[in-house]
Amino acid sequence: MNILGKIKERALADPARVAFHSQAGTISYGKLWDSSDRLAAWIDDRLGDDRKPIVVYGHKSPLMLVCFLACAKSGRTYCPIDTCMSEGRVISIVETVDNPLILATEDLEIPGYFVADSSVLSGAINYDSKISEKKWNKPEDTFYIIFTSGSTGAPKGVQITDENLSRYVDWSQTVGDSADDKQGSTFLNQAPFSFDLSVMDTYTALATGCTLWGVDRMLQKDVGKMLRFMKEGNLNYWVSTPSFADMCLADPHFNSTLLPGMRQFMFCGEKLTKGTAEELMDRFPEAKVINTYGPTESTVAVTSVEITREMIAADRCLPIGQPKPGTEIRLIREDGTVAAHGGKGEIQILGDTVSPGYYMNDIKTREVFSIIDCEDGMERAYRTGDEGFFGEDGMLYYVGRIDLQVKFHGYRIELGDIENNLLKIDGVQAAAVVPKWNEDKIRYLAAFVASDNSEGGFEDRKRIRETLKTMIPEYMVPKKVSFIDRLPMTSNGKADRKRLEELV
Amino acid sequence: MEEKLLDILEDICGDEIVKEDHDVNLVEEDLMDSLDYTELLIAIEENFGVVIAPSEVTREQMNTPNKIIGVIKSKM
């Protein structure tokens, strides 16, 4: 069954159940279903034959979900934009999709476009007709487009089809606890809707009849208040970046006394460190810690693994897991051949969750997407730019970004490799290594280290450098080591490398 | 001059200790290898017009911020 069908089933079975709650409001499954039926009819009447994607702008209002479902029910694609995006970026996306109608749950003004604001929307969700199911997105239709923050150049719109999302959700419902066990529970919704990580909680929860507990940006600024809000929701399933969990772990009250119902932590979007995993296991002895991996271009995640104490004790970083059914992982070496078992290579993802490509950008699409003839027929494939290898345990391990490889003094250096080793050093909670540039040449490497039991004085910096020397070749040891309280994060909760490069 | 030199040293050694402890042993503390040393001599020439040939002073005469400042002063 595809995604709208699954949500419909839950809405009919238990219309009174809360689908989404945040400081901005609450909506039940029944209301979500009815409002999106009506808004879809309103959109369809208004736009007629215009099938262009629709920008949905806002933050953590329950109306956001109504807008998403309404677009899909009217057979149109939605592009979620969070309020954290800069004005220039919002305009660039609006102009790229070029639909005269924009749905906005927060204030937005863009000359030349009709912005349906919350007062227009509150009328449209009570529109006097409902959409017909015949209008719904078909499996091959694009369900949403998420614009990636792309480190260089213009943002790329990743198109995810109804089929991609549905096959992803088939699997995500069963990650860790079974779909039946999850039914009726509460999921944390922390990531902005413009970040694909939010798809993991949003659609897994909606397809399973669960409540989404939305933590907005204001709450995230006050950890004490945020934790009380989480307690009120008695969360069962946690979805966030590891950095966000680290932020919560910085508060000693974040434990199973505060959240006794916690069953599962699911991470994606960033490397999960042993420190974070172990601390969560200690504080939440009853909860599973699950690591997943995947790019926006393959919906959300395509591998998963439940982290065990043995993995934490092992002398290597945590695995990112095994591929889900319907996904094949190949490791491509520099010469284009597939690496032998155990060999390193660029992670290529094949299967049913791989996007058809970037919106209106054939050149960028052809660079990384392809169609490969497999045993089971033609499969879409995406080259991630991530390097990985399969361990003898059958697990996939992440090495680092291929574009984080730098040439320094003639050596090819993997910055991720240095970071992994920094994390093995006692007391290091988070680490990032960036090059110090002198025009287009690297002068030296600089490491940023977050640690709560070091003052960061000369002896601490020296200890880091000297310990590293015993672990990696001397030419890889960063010349400069700086201690900081917390790594700066991007709006998506990943280490902000650009900002760090500016700090060097 | 001293302040400027300490900035240069911090940049070359990558650690602010050179500003906090002017007697820190740059060689023993592994803050300056031979590549860095060459870079330092070039920077001294560029910034202060003082030429120090590697052969005329030993590394030992140049192994702390204070000693380096002394050598430069003697040649200015």
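The following dialogue examines helix packing, burial and backbone geometry in a predicted model.

Trainee: Why are helix 6 and helix 8 of chain A called roughly perpendicular to each other?

Mentor: Helix 6 (residues 162-172) and helix 8 (residues 197-208) of chain A pack at an angle of about 75 degrees, with their axes 9 Å apart. Angles of 65 to 115 degrees count as roughly perpendicular, and the pair is therefore described in that way. The contact involves Leu165(A), Val169(A) and Ser172(A) of helix 6 of chain A, together with Met200(A), Tyr203(A), Thr204(A) and Ala207(A) of helix 8 of chain A. By class, these residues are five nonpolar, two polar and no charged.

Trainee: What makes helix 6 of chain A mostly covered?

Mentor: Of its 11 residues, 10 are buried. A residue is buried if 20 or more other C-beta atoms lie within 10 Å of its own. Among the buried residues of helix 6 of chain A are Asp162(A), Arg167(A), Asp170(A) and Trp171(A). The cover over the buried residues of helix 6 of chain A includes helix 1, strand 7, strand 8 (157-161) and helix 8 of chain A.

Trainee: What makes helix 1 of chain A oblique to helix 2 of chain A?

Mentor: The axes of helix 1 (residues 3-13) and helix 2 (residues 29-47) of chain A cross at roughly 125 degrees and come within 8 Å. That angle lies outside the range of 65 to 115 degrees for roughly perpendicular and is not over 145 degrees, the bound for roughly antiparallel, so helix 1 of chain A is oblique to helix 2 of chain A. The crossing of these two helices is left-handed. Lys8(A), Arg10(A) and Ala11(A) of helix 1 of chain A meet Tyr29(A), Gly30(A), Leu32(A) and Trp33(A) of helix 2 of chain A. The residues of this contact divide into four nonpolar, one polar and two charged.

Trainee: How do you know that helix 2 of chain A is oblique to helix 3 of chain A?

Mentor: Helix 2 and helix 3 (residues 62-73) of chain A pack at an angle of about 55 degrees, with their axes 8 Å apart. Roughly parallel requires an angle under 35 degrees and roughly perpendicular one of 65 to 115 degrees, so helix 2 of chain A is oblique to helix 3 of chain A. Helix 2 of chain A passes helix 3 of chain A in a right-handed crossing. Residues of the contact include Leu32(A), Leu39(A) and Ile43(A) of helix 2 of chain A, and Leu65(A), Leu69(A) and Lys73(A) of helix 3 of chain A. The contact comprises 10 nonpolar, two polar and two charged residues.

Trainee: How do you know that the buried residues of helix 4 of chain A line one face of the helix?

Mentor: In helix 4 (residues 87-97) of chain A, the residues Val90(A), Ile93(A) and Val94(A) are buried. Seen down the axis of helix 4 of chain A, the buried residues fall within an arc of 100 degrees, so they line one face. An α-helix has 3.6 residues a turn, so residues three or four places apart point the same way. On the other side of helix 4 of chain A, Gly88(A) and Glu95(A) are exposed. The buried residues of helix 4 of chain A pack against strand 3 (54-58), strand 4 (78-82), strand 5 (101-104) and strand 7 (142-147) of chain A.

Trainee: Why is Asp98(A) called partly exposed?

Mentor: Asp98(A) has 13 C-beta neighbours inside 10 Å. A residue is exposed at 12 or fewer and buried at 20 or more, so Asp98(A) counts as partly exposed. Asp98(A) lies in the loop between helix 4 and strand 5 of chain A, and has a positive phi of about 55 degrees although it is not a glycine.

Trainee: What makes Asp30(B) partly exposed?

Mentor: Asp30(B) has 16 C-beta neighbours inside 10 Å and therefore counts as partly exposed. Asp30(B) is found in the loop between helix 2 (17-20) and helix 3 (34-48) of chain B. The phi of Asp30(B) is near 65 degrees, a positive value in a residue other than glycine.

Trainee: How do you know that Asp141(A) is partly exposed?

Mentor: Asp141(A) has 16 other C-beta atoms within 10 Å, and is therefore partly exposed. Asp141(A) lies in the loop between helix 5 (118-124) and strand 7 of chain A. Not counting residues up to four places away in sequence, Asp141(A) touches Gly75(A), Thr161(A) and Asp162(A).

Conventions: Residues numbered from 1 in each chain as written. Chains lettered and ligands numbered in written order. Predicted model: local features only at pLDDT ≥ 70, side-chain atom pairs only at ≥ 80, totals over all residues. Axes fitted to C-alpha atoms, helices over the stretch in contact; angles between N-to-C directions. Helix = DSSP H or I, 4+ residues; strand = E, 2+ residues; numbered from the N terminus. Contact = placed C-beta atoms within 7 Å. Nonpolar A, V, L, I, M, F, W, Y, C, P; charged D, E, K, R; others polar. Arc of directions from axis to C-beta. Left-handed = near helix turned anticlockwise from the far one by under 90°.
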